[in-house]
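Good morning, and thank you for coming. I have been asked to present one structure to the group this morning.

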Amino acid sequence: MLMDSDPEAGSIGSTDTATLLKQAGTRRAFLRSSAMTLVAAGVATACKSDATKTAARADTAQLPVQSTATSLASPVSQIPAEHGGTMPTPAAGAVGVTRPETMDEMHERGVKAFPAQTAGKGNQLMTPRIEKGVKIYEITARKIQWETEPGKLVEAWAYNDQVPGPQIRVREGDRVRLVVKNELAESTCVHFHGVEVPNDQDGVPFITQPPIKPGETYTYEFTAPNPGSHMYHSHHNAATQVGLGLLGAFIIEPKVKRAIERADIDYVMIVNDGMHGYTLNGKGFPATEPIIARVGQTVRVRFMNEGMMIHPMHLHGMHMTVIDKDGWAQPAPWKCDTLNVAPGERWDVIVKCDKPGVWAFHCHILPHAESQHGMFGMVTALIVKKAGEA
Amino acid sequence: MLMDSDPEAGSIGSTDTATLLKQAGTRRAFLRSSAMTLVAAGVATACKSDATKTAARADTAQLPVQSTATSLASPVSQIPAEHGGTMPTPAAGAVGVTRPETMDEMHERGVKAFPAQTAGKGNQLMTPRIEKGVKIYEITARKIQWETEPGKLVEAWAYNDQVPGPQIRVREGDRVRLVVKNELAESTCVHFHGVEVPNDQDGVPFITQPPIKPGETYTYEFTAPNPGSHMYHSHHNAATQVGLGLLGAFIIEPKVKRAIERADIDYVMIVNDGMHGYTLNGKGFPATEPIIARVGQTVRVRFMNEGMMIHPMHLHGMHMTVIDKDGWAQPAPWKCDTLNVAPGERWDVIVKCDKPGVWAFHCHILPHAESQHGMFGMVTALIVKKAGEA
Amino acid sequence: MLMDSDPEAGSIGSTDTATLLKQAGTRRAFLRSSAMTLVAAGVATACKSDATKTAARADTAQLPVQSTATSLASPVSQIPAEHGGTMPTPAAGAVGVTRPETMDEMHERGVKAFPAQTAGKGNQLMTPRIEKGVKIYEITARKIQWETEPGKLVEAWAYNDQVPGPQIRVREGDRVRLVVKNELAESTCVHFHGVEVPNDQDGVPFITQPPIKPGETYTYEFTAPNPGSHMYHSHHNAATQVGLGLLGAFIIEPKVKRAIERADIDYVMIVNDGMHGYTLNGKGFPATEPIIARVGQTVRVRFMNEGMMIHPMHLHGMHMTVIDKDGWAQPAPWKCDTLNVAPGERWDVIVKCDKPGVWAFHCHILPHAESQHGMFGMVTALIVKKAGEA
């Protein structure tokens, strides 16, 4: 099935992906299917994620943290996929206290769990209500619990209970209304990052509007201008609010698509490194979502960075053809396999899926993707199925 | 008035900007004009800047730091614009101890203060003395106190008492002489970053020259070669000396301008993250300088990074057309709204100001731009006035 | 002599460089040749490198570290080039406890020592064994001691006792076999980064193959596909294993070279910031290797980043023309003097050496290149000799 990214049709790749996940699981026949009996103390250690440590202040050591001792006492069943891992410090790396079999088992366990089920799915395509030709999106910001990996619950501030918030896709020239209700305990605001709205719709408190106070509802309305991969996110106390999840994709489809941007699968990948650890679309490996395509198909990936760090995203096995930056066509497409995505940037690439297999797809800052406990964080896969493959 | 960047004429945008600042202040009519009565303890907290913490060593906790307890006791009048803010750690973000009204008032106070007056202005266009056709720039390096935000004084090592040092603009083919006097307590040296000078003028101690010792004067002389946006800065103990302020813009205007680089306003924006916190042209928000243009005008921004971190600079409302990298024309101009500027890089962009309003312009690594106390650091605005607007 | 990068001929620039190093030493006639008598306590301080601190966890202070007190007691002769330097914190920078003469002497000592001799040389071109038309590379991964600077020994996990591992250069279409023996105490795996191999040769444990356990040997084989500057490195426990040295260049020469990529000298520069500190090809300044060319020659530099941080590499005096990204030709070459190289990226540039002299070539994140003790880490030089110069 050719999936075009027509926002009216709603046949976005991610929708189709869901039905293919189970099938994909059967591909990894080479994996040992025997039950794992990991009882070594090292395995049972629940680790704080790198991101937490990175963001932590120098005086972190004085803050109460999750006790390792407690985790050691936990039954294994309560920590089925704690792949946060410790920062591979020189000391840890050199000492190598973990037995190699134990380490391999931890790594295998992570891979076998992928794609792991978690509660909640972010970045879901949102269907607007249409009144008198205006596409109306009702967005509520509120505090929730969010599962980034199986069993790992974090506090999130979310739009419509999703992290990232619902994916908004409109067409160039559409009249768009965003009705934002603030159910947080502090004021907020919505900025349309990259969207060239009139100044009074720009969403910067005390510059273009008053903040939206707790309990208040505020309405934005504009005609969708410059097409491309954009974002919407809080612009009030933003380091905290965006870091906790008030962000989402805002895509404006062009009236006429260029030939080069037509793709069978249109996939949004929001990279983040805020309070929820290293995530892709709000989840850390093995709870990340694979992209599933067939040989011969093309995948468009819309990278968006809502974090505080730059992430060079690396695809195995096939190259990416970069077509757009921040929604603007590059003068000429260019190829790479590792694409540096900085906070606030959006990069659109096309991958021609000409080689079957499960291809790792991850941030190449290795401590964002793998620890001694296995892969975690910013890792997913592009799964390319053969023509006749189930 | 059309301001061309002709170095002979001296009509650089920043000069004109000064006269428009006051007028711009009147635009923000939507701001509440009532006096603020912030007495909550949270407001009175004087915070160390993020940058200080980032640069701090692991053993920072053992160093004497400004006591929060002391600050709490300080009268509000002594901390009129302490917007340095604390790093939005997970703990701080999640806990949210600040009352929403208090937070909003702090945010508003910062915006209302913009552009705040501080002592000293860096990056001022320097007029050379001309002798026998040679443009002579006399530069003295010495230690000063520098006000980065209202009331925030830091130690700076400065050229001619400015941070950044005076802006040097010459024309391709000009004979240029730089007479550098070292009034610091340690040796120094000047490197012309990006300028293709002969090797003996390259300014690297013990490789191309001896260091300039305290009390000594050293003379550089060369014919201005490759045009473009370049820099001059210390190349001796440089992590410290540049971090403390020994840096400036060195611009070589081409003999013949390309059509695309002609702009009504020519603005240099030096981003930094050294010992002075996150700054634009040596100041942190709200003491940063807005860029002021009229609808229909074009602004050329020359981004230069003299810091230790990469800063993705984001402009609201309008896109930037990237024309030059390190002073060299890109093969074809390309558009973006978020431009990644790495240490040592210079990027020239053109903004066509087609939309009136006050447009936020900031680093999109959010902890460099906003805290729970409001915007700070690497934030300014592009103010686009309507045709008839005062 | 024109050195072409023909892998069959083996006349890679680095080979020739070795013979020129001694000659280059005589160029720095301006340096004082008097013996240095540095006895000040400050000089005798052996410093931990920045990289160690950067990678260190917040609780580093609790780990046993090399005692400064011990170092102070060491005779000077045991620490001839400890240029690791302390992070120039605000406190350190502002206080300036070092006497200027002492600081200058330390800086001079580092420059005079360049290029310093150390045991071991990484990135050496490897000659394959050829059987039935297959180029066979036998690679053994094992733990060694590695000298990054004179007297600074670190634990390394290395391919064939080199950091970076031996440079593999094949030609597009070659049949290539890599026989990997694991003599480490934990499992490993080899991924061919950027090389579009079939999925079962991609080197990701539990996805494309089982891990290579301690004592095991594993064979990869494929036909060299997409030409360009690629890499090979561990993809198992990779943050640790790559950080400790399991990495190398994997270059595929095209069947037909483009005119623009022909160069007299073909130089691979692998930048790193792992457990070994800030290094270029496994060494920190002054033990880094200069690139030596003659006026009129062209140098191709193949930047590869195997670290965890982005490094903007800056060349003095002459610009770089960027031709390839990740082995793929850019749509049009473009010029710069500071090139941002992110983890996993490869960038190929051409430098036309039209200006004689010793040109500094370093990362422009200054704390990666210079401390109060002088230059260290990611610093080398491009030495351009005049036509008749010895």
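I shall speak about the interface of chain B and chain C, and then about some backbone details.

This is a predicted model, in which local features need pLDDT of at least 70 and side-chain atom pairs count only at pLDDT 80 or more, while totals for chains, interfaces and linings use all residues. Residues are numbered from 1 along each chain as its sequence is written, chains are lettered from A and ligands numbered from 1 in the order in which they are written, and side-chain values use heavy atoms, with hydrogens and water left out.

Let us begin with the interface. Taking contact as heavy atoms within 4.5 Å, 47 residues of chain B touch 46 residues of chain C. The buried area, which is the accessible area (1.4 Å probe) that two parts lose on being put together, summed over both, is about 4,100 Å² here, and carbon and sulfur atoms give 62% of that area.

How many salt bridges are there between chain B and chain C? The count is 1, where a salt bridge is a side-chain nitrogen of Lys or Arg within 4 Å of a carboxyl oxygen of Asp or Glu. The partners are B:R346 and C:D337, at 2.7 Å from N to O.

By class, the side of chain B that touches chain C has 22 nonpolar, 15 polar and 10 charged residues. In this scheme, Ala, Val, Leu, Ile, Met, Phe, Trp, Tyr, Cys and Pro are nonpolar, Asp, Glu, Lys and Arg are charged, and the others, Gly among them, are polar.

How are the two chains related? A turn of 120° and a shift of 0.0 Å along the axis lay chain B on chain C with an RMSD of 0.0 Å, the copies being superposed by least squares on the C-alpha atoms of residues with pLDDT of at least 70 in both. That is the relation of a three-fold axis. The copies use different surfaces, since 4% of the contact residues of chain B recur in chain C.

I turn now to the backbone. Most residues other than glycine have a negative phi, and most peptide bonds are trans. The peptide bond from A:V163 to A:P164 is cis, with omega near -10°. Likewise, the bond from B:F285 to B:P286 is cis, with omega near 10°.

A:D326 has a positive phi, near 55°. Is A:D326 buried or exposed? A:D326 is buried, at a relative accessible area of 0%, where buried means under 20%, exposed over 50%, and partly exposed in between (1.4 Å probe, protein chains only). B:N281 also has a positive phi, near 50°, and is buried at 8% relative accessibility.
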